[in-house]
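Let's take a walk through a protein model together. Keep the picture beside you while you read, and look up each spot as we get to it.

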Amino acid sequence: MNERNPLLDAMRFIAAVGVIVWHVAPLSAATARWGVAGHFAVAFFTCTAVGLTVNSFGRNPQRPLWRYVWTRVLRIYLPFLCWTLVYLLLRDAKYRMCGQAMVPLNGALLVAGTAHHLWFLPFVLVATATAAALAKGVLFQLPAWVVVVIAVTGALCWARLMPVPVVAAGDDGSDGLTLGYWWVQVSAAMPSAWMGLAVGRIWTELAMDPWRSRVAWLGLMVVVAGALGGAGLTLANLSNSAWVYGGGFGMVLLSFGAWNSGGLRIMAGWGRVAYGIYLVHVGWYLLLEILLRRWVGGADTAMMMANLLLAVALSTGSALWLARNRFTAWSIGMGPPLPLYRTRKNRQNIFRNSS
């Protein structure tokens, strides 16, 4: 895809909102059941990231693998370290206010992070780097249908043979500070990474021969989405796993389309900073939690709906501000670190068509 797909960017924003719903809804027993509505988001983000990586190498097979991997490290792992530090300080401040023990420092922080959503960044870094190596090596040496069969088989086998392990939260009550927690999340996301290989190969195929193969490929993907939704029901501890695969993969399917409108373009603009929304939203979630506990003492459905909308607005506004500031854009993957921030041309070359 040489140009940005506004429908895909809009879907990114919807998925970012889904993550916020997933994390904010449990603040109140009255809205806890809403959390399931956001469980599709990780499947969507994983499948899209892997798919765009494969598609990128399909369009540009001469692209050096090492340069792509290095770019991903700059765009993903450096922001991960930045926000790991930010959330470490925020959690320490929160625990100090509540009289709880400070967050323990250990090597797991370099993979799992200090907040329950940061696990995704190291995972997607490894997933996309692996997808890039496969695309560079074998994915485009095989017929597209063979890649689809391999990807679907891998996803189904993982979902059925690698059940999500049960790992308790950390002893200090935190939930994003252990390698066990990281592996729980990775185990649930891996089928979507497998499917991303098929999605990327199909995207490339559609671009080369859109009219002959579009209907056949999309029909096949609908069948695959249904199969994954069913297979997801076998995963331990995920009673809503049909959302995880069927919902997330359904959004990927919709992103194949070419629908465009004024409202969609507005959402697409917000979707371009979905990565930033994902990174910053927990800071606002922690603030809302403190306000609810100290000032309200509880929350009804109407108040939680207002807080959810506020969390979305604050997270989106924060991400847009960070993206537009050349000193902070790198922290949400929208630009290189300041030592590399030399010219506008350099920024565009390194981070063109960010995904």
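## The surface and the overall build

The protein chain exposes about 16200 Å², an area worked out by the Shrake-Rupley method with a 1.4 Å probe, where for residues only the protein chains shown count as cover. Carbon and sulfur atoms supply 67% of that exposed area. Bear in mind that this is a predicted model, so local features need pLDDT of at least 70 and side-chain atom pairs count only at pLDDT 80 or more, while totals for chains, interfaces and linings use all residues. Residues are numbered from 1 along each chain as its sequence is written, and side-chain values use heavy atoms, with hydrogens and water left out.

What is the chain built from? The tally is 13 helices and zero strands; both are DSSP runs numbered from the N terminus, with helices being H or I of at least four residues and strands being E of at least two. Of the chain's 355 residues, 50% count as buried. Here buried means under 20% relative accessible area, exposed means over 50%, and partly exposed is in between (1.4 Å probe, protein chains only).

Now for who touches whom, where a contact means heavy atoms within 4.5 Å. Take the contacts between residues at least 6 apart in sequence: 79% of them join residues at least 24 apart.

## A little salt-bridge network

How many salt bridges does the structure hold? There are two, a salt bridge being a side-chain nitrogen of Lys or Arg within 4 Å of a carboxyl oxygen of Asp or Glu. One pairs D9 with R12, with the closest N and O atoms 2.6 Å apart. These two sit three residues apart in helix α1, so about one helical turn separates them. D9 is buried at 1% relative accessibility, and R12 is buried too, at 8%.

D9 also forms a salt bridge with R272, and there the closest N and O atoms are 3.4 Å apart. R272 lies in the loop between α10 (262-271) and α11 (274-296), while D9 is in helix α1, so this pair ties together parts that are 263 residues apart in sequence. Shared partners join D9, R12 and R272 into one network. Unlike buried D9, R272 is partly exposed, with a relative accessible area of 41%.

## H23, also in helix α1

Stay with helix α1 (residues 6-24), and you'll find H23 there. Is H23 buried or exposed? Its relative accessibility is 14%, so H23 counts as buried. Leaving aside neighbours within four places in sequence, H23 is in contact with H116, H117, H281, V282 and Y285.

## Helix α6 and a nonpolar patch

Helix α6 covers residues 144-161, which makes 18 residues. The expected span of a helix is 1.5 Å times one less than its number of residues, so α6 should span 26 Å; its end C-alpha atoms are 25 Å apart, which agrees. Among the buried residues of α6 are V147, A151, A155 and W158.

I150 lies in α6 as well, but at 44% relative accessibility I150 counts as partly exposed. Together with L134, V138 and L142, I150 forms a nonpolar patch on the surface, with about 290 Å² of accessible area in total. Patches are made of residues with over 30% relative accessible area and no salt bridge, with like charges joined within 9 Å and nonpolar side chains (Val, Leu, Ile, Met, Phe, Trp, Tyr) within 5 Å.
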